[in-house]
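Visitor: I've just pulled this one up on my screen and would like to talk it through. Could you walk me through it, a bit at a time?

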Amino acid sequence: MPARTQARIAGCLYVVIILCGMSAELIFRGPLLAPGTAEGVLAAILAAPGLLRGAILLDVAMILADVALAILLYRLLRFVSEPVALAAMVFRLMQAAVIAASLLALVAVDALALRGGGAEAGLVRGLMEVHGIGYDLGLILFAVNTGLTAWLLARSGWVPRALPWLLAAAALVYVLGSVTRIAAPEWNALVQPAYGVALVAESWFALVLLFGARVARG
């Protein structure tokens, strides 16, 4: 398969990942967590079970796209450094595995609150929190992947020079966001606006993969 075709497929997968990930977090899980209290979260889930199940399905779609993207980016960037490209792929696949494992917490919420009908509010809220922390653990692995990918892109010759730097900044944001979520939750809110950097960086990378012309060198 020509490199240009692989890059376009990778770009499409990146768009799927961004749209599924943001939709699952902001449109589906967000309203369920908005009440804040354990009782409020349980009531929100019982009132709108489709939001919980939709979030699970969107995350599954995101994970599948991430696995395929990891393989394609390895194929596209291994000409720069095969060991670094392989490491980047492994860290992205590890991230997908950790996020997939964290989804079991949401599946447990569905089983206990919606199918079992006898869930305790504190347990449900705790499982939602377990999922969130698991997701952030996955983002630490993704930060390593993003840093390695930025290094490869900087030496590839087929992306704008500013993009690898922006991706490196995004990697730092992922680390800070995840570490504060786990170790210093009171500081996490200060990091949230910086995720805009990561969104811009990944969206730009997706557009380069879709429409960039120089990728044919890979």
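Guide: Let me begin with a term we shall need: a charge sits over a ring if NZ of Lys or CZ of Arg is within 6 Å of the ring centre and within 35 degrees of the ring normal. Please keep in mind throughout that this is a predicted model.

Visitor: Fine, so which charged end sits over the ring of Tyr 14?

Guide: That is the charged end of Arg 92, which lies 5.2 Å from the centre of the Tyr 14 ring.

Visitor: And the overall fold, how many helices and strands are there?

Guide: The protein has eight helices and zero strands, and, followed along the sequence, the pattern reads α-α-α-α-α-α-α-α. Its radius of gyration is 18 Å, close to the 17 Å that the globule rule gives for 218 residues, and therefore the protein is as compact as a globular protein of that length.

Visitor: What box do the C-alpha atoms fill?

Guide: Taken along the principal axes, the box is roughly 60 × 35 × 25 Å. As for what lies inside, buried residues account for 46% of the 218 residues.

Visitor: Back to rings. How many aromatic pairs are there?

Guide: The count comes to three aromatic pairs. One of them is formed by Tyr 174 and Tyr 195, a tilted pair with 6.1 Å from centre to centre and 55 degrees between the planes.

Visitor: Where do Tyr 174 and Tyr 195 lie?

Guide: Tyr 174 belongs to helix H6 (residues 162-183) and Tyr 195 to helix H8 (residues 195-211), so the pair ties together parts that are 21 residues apart in sequence. Together with Phe 142, these two tyrosines form one aromatic cluster.

Visitor: Are those two tyrosines buried or exposed?

Guide: Tyr 174 is buried, because its relative accessible area is 7% and the cut-off for buried is under 20%. Tyr 195, at 19% relative accessibility, also counts as buried.

Visitor: Switching to the surface, which residues form a nonpolar patch there?

Guide: The nonpolar patch on the surface is formed by Met 22, Leu 26, Ile 27 and Leu 199, which together have about 360 Å² of accessible area.

Visitor: Which helix gives the largest share of the patch?

Guide: Helix H1 (residues 3-33) does, with three residues, and Met 22 is found in that helix.

Visitor: Why does Met 22 count as partly exposed?

Guide: Met 22 has 34% relative accessibility, so it counts as partly exposed, given that this class falls between the 20% limit for buried and the 50% limit for exposed.

Note on methods: Residues numbered from 1 in each chain as written. Predicted model: local features only at pLDDT ≥ 70, side-chain atom pairs only at ≥ 80, totals over all residues. Heavy atoms only, no water. Patch = residues over 30% accessible without salt bridge, like charges linked within 9 Å, V, L, I, M, F, W, Y side chains within 5 Å. Areas by Shrake-Rupley, 256 points an atom, 1.4 Å probe, with all protein chains shown as cover. Salt bridge = Lys/Arg side-chain N within 4 Å of Asp/Glu carboxyl O. Helix = DSSP H or I, 4+ residues; strand = E, 2+ residues; numbered from the N terminus. Buried < 20%, exposed > 50% of the residue type's maximum accessible area, 1.4 Å probe, protein only. Phe/Tyr/Trp six-rings, centres within 6.5 Å; stacked < 30°, edge-to-face > 60°. Rg over C-alpha atoms; globule rule 2.2 N^0.38 Å.
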